[in-house]
Amino acid sequence: MRYGAKILFEEVVTAFTPGKRYGLTGPNGSGKSTFMKLLSGELEPQKGNVVRPRKLSCLSQDQFAFDAYRVVDTVMMGNKRLWAALEERDRIYEKPEMSNEDGMRLGELEGIVGEEDGYSAESDAAVLLQGLDIPDEVHQRKMSELQGGQKVRVLLAQALFGHPQALLLDEPTNHLDLDSIHWLQEFLNRYDGVLITISHDRHFLNSICTHIADIDYETIITYTGGYDDMVMAKTQIRSQIESQNAQREKKIDQLNEFIARFSAGTRSSQVQSRRKEVERLQVTELARSNIQRPFIKFEMKRPSGKHILELEGVTKAYDDKEVIKSFTASVTRGEKIALMGRNGAGKTTLLNALLSTSPNTPEAELRQTTGYDGPLIDSGKVLWGHEAAIGYFPQDHRSLIEKGMTILEWIYQWDPSVSNEEIRGLLGQMLFARDEANKKTDVLSGGEAARILFCKLMLQKPNVLVLDEPTNHLDLETINALNIALQRYQGTVFLVTHDHDLVDEVATRIWHFDDHKLEDFKGTYEDYQTVRV
């Protein structure tokens with residue numbers, strides 16, 4: 001498959017085996033989603049062919065395609081044969097009079113419904129929905145009544161429904177909280193068909209994958225094990241070839257020197273044998289990897305005081321729903337706090353409460369990203385300490401990026417004292433080519449918008465970072481770079497994320513929302529899990 005001069009992959013021969021679970025990896029733009037569309041039949045390859053099993057299921061990317069249907073029906077549509085039989089059966093029963101042919105056809109349809117476990121279909125669909133945190137009272141509602149994140153989870157349940165022979169999942173953990181991700185991991189580890197998934201969640205890939213199919217060097221190479229195993233094997237193979245090439249080049253240089261010295265002399269037979277040896281020793285040509293790794297480094301202009309934040313009896317409710325109830329906590333400089341819990345539990349609400357009295361986050365900016373114009377806290381106090389300087393990464397980060405500007409102009413406004421070359425240097429660290437500095441903010445992808453926000457934070461050098469789901473739209477290399485940067489950062493961090501490794505490797509303290517309670521645990525995520533068990 002190629003687009004213009006760009007080759008995504010060429011002459012790929014590969015097979016995916018039942019009972020094995022494959023992670024499809026490669027940086028943004030390498031062709032992962034395109035390859036998934038080739039596997040599903042949504043796209044045809046420009047050359048070659050794809051053989052598929054009869055019962056193939058894909059995670060739908062269109063959130064609005066099922067708005068007219070009930071939630072439970074949308075899930076059952078995942079089994080196309082069963083759904084077609086149920087619809088035809090209903091049409092026959094709706095007729096005022098049935099013919100003999102209708103009666104015969106009904107018998108055939110009941111047979112299909114039985115073969116496809118249709119008599120337990122609604123309860124099976126309900127179990128999947130519950131596992132993905134879609135409560136029972138929503139199951140009979142229309143899809144149009146659901147929020148975007150809920151719709152994505154219903155579509156994931158649809159893909160999992162009906163026990164397909166092959167399951168294609170493109171970013172299945174998007175919009176899932178950690179509890180739902182852990183449930184999905186357990187479900188997929190029990191699945192006995194062929195699983196092929198794209199994910200930018202390293203822990204998810206390491207937890208479920210038996211193999212990694214990596215798109216790089218204009219081909220697809222399959223490695224045994226999870227994501228970390230693939231990275232290690234790929235690095236070792238590359239190093240081995242480079243080392244062999246270096247030895248061959250040295251040997252070729254020695255032979256060419258001999259040929260140059262004696263080609264005109266009496267040792268022509270030896271020269272001839274040396275020429276043949278040079279031909280045999282030709283260096284293995286190494287295709288260039290398309291993986292690029294950004295460099296993120298968060299620094300502080302000046303450290304904050306030791307006591308960076310005090311919360312006293314903070315309470316916040318929306319209508320009758322109390323989200324935060326009289327929460328009190330004291331935070332000292334350098335703590336890294338992960339806010340955890342189900343979607344909608346109140347994590348972003350608490351971040352907004354913290355930022356409501358921020359010394360340097362304009363309220364207009366906060367209103368812009370939340371879309372909420374009521375009070376950010378109902379009662380209690382949020383007191384920031386001496387010299388607190390806050391850098392903010394909102395969940396809806398695109399709303400912060402003003403349209404009609406170039407990337408260079410947008411970043412420059414945050415510190416007019418820096419030179420254009422310094423900004424270009426930052427952009428280079430975040431993998432923007434030199435001419436992309438003049439790209440308009442109107443046309444940025446989700447990943448590009450996130451990367452220029454990191455440029456802004458690196459430029460501002462705050463001593464407190466407030467990050468609300470910063471890994472959305474990032475590829476694995478950028479998430480790994482963010483993980484390392486947060487571990488090395490000397491300031492204070494408040495972090496909402498559903499990335500297991502980020503919480504596990506960065507957090508020194510957990511604020512966990514559970515059943516309308518907010519628990520404050522001083523320790524790592526690993527310690528917290530041990531205590532919970």
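Axes here are lines fitted to C-alpha atoms, for helices over the stretch in contact, and angles run from 0 to 180 degrees between N-to-C directions. Keep that in mind for the helix pairs. Helices (H or I, at least four residues) and strands (E, at least two) are DSSP runs, numbered from the N terminus.

Now the ground rules. This is a predicted model, with residues numbered from 1 along each chain as its sequence is written, and local features need pLDDT of at least 70. Side-chain atom pairs count only at pLDDT 80 or more, totals for chains, interfaces and linings use all residues, and side-chain values use heavy atoms, with hydrogens and water left out.

Confidence next. pLDDT is the predictor's confidence in each residue, from 0 to 100. The protein chain has a mean pLDDT of 88. Of its residues, 94% reach 70 or more. Where is confidence lowest in the protein chain, and where highest? Helix α12, residues 363-370, is lowest, at a mean of 59. Strand β15, residues 492-496, is highest, at 97. Where pLDDT is low, the predicted coordinates should not be read in detail.

Let's take the helix pairs. Two packed helices are described by the angle between their axes and the distance between the axes. Start with helix α14, residues 420-429, and helix α15, residues 446-460. They pack at about 130°, with axes 10 Å apart. That makes α14 oblique to α15. The classes are these: angles under 35 degrees count as roughly parallel, over 145 as roughly antiparallel, 65 to 115 as roughly perpendicular and the rest as oblique. The α14 and α15 crossing is right-handed. A crossing is left-handed if the near helix is turned anticlockwise from the far one by less than a right angle, and right-handed if clockwise.

Who meets whom? From α14 come Leu-426, Leu-427 and Gln-429. From α15 come Ile-452, Cys-455, Met-458 and Leu-459. The residues of this contact (heavy atoms within 4.5 Å) divide into six nonpolar, one polar and no charged. For the classes, Ala, Val, Leu, Ile, Met, Phe, Trp, Tyr, Cys and Pro count as nonpolar, Asp, Glu, Lys and Arg as charged, and the others, Gly among them, as polar.

Second pair: helix α3, residues 80-94, and helix α4, residues 100-115. Their axes come within 9 Å and cross at roughly 150°. That makes α3 roughly antiparallel to α4. The crossing is left-handed. On the α3 side, the contact residues include Arg-81, Leu-82, Glu-88 and Arg-89. On the α4 side, they include Asp-102, Arg-105, Leu-109 and Glu-110. What is the make-up of the contact of α3 with α4? Nine nonpolar, no polar and seven charged.

On to the sheets. Two strands pair if DSSP finds at least two bridges between them. One open sheet has six strands, in the order β4-β5-β6-β3-β7-β8, with mixed pairing. Its edge strands are β4 (56-58) and β8 (219-224), each pairing on one side only. Neighbouring strands are turned by 20° against each other on average, direction ignored.

Inside that sheet, β3 (residues 21-25) and β6 (residues 194-198) pair in the parallel sense over three bridges. Tyr-22 has Ile-196 in β6 as its bridge partner. Strand β7, residues 211-216, runs antiparallel to β8, joined by six bridges. Ile-212 stands opposite Tyr-223 in β8. The β7 and β8 hairpin has two residues between the strands, and Tyr-217 takes a positive phi near 55°.

Another open sheet of six strands follows the order β13-β14-β15-β11-β16-β17, again with mixed pairing. At the edges sit β13 (390-393) and β17 (517-521). Here the average turn between neighbouring strands is 15°, direction ignored. Strand β16, residues 509-514, is joined to β17 by five bridges, running antiparallel. Asp-514 has Lys-517 as its bridge partner, and Phe-513 stands opposite Leu-518. In their hairpin, which has two residues between the strands, Asp-515 takes a positive phi near 50°.

Helix α11, residues 347-355, lies across β11 (336-340), β13, β14 (464-468), β15, β16 and β17. It runs at about 150° to β14.

Last, β9. Strand β9, residues 307-318, pairs with β10, residues 321-332, in the antiparallel sense over eight bridges. Val-314 stands opposite Phe-327. In the hairpin, Asp-319 takes a positive phi near 55°. Five bridges also join β9 to β12, residues 379-384, again antiparallel. There, Leu-309 has Trp-384 as its bridge partner.
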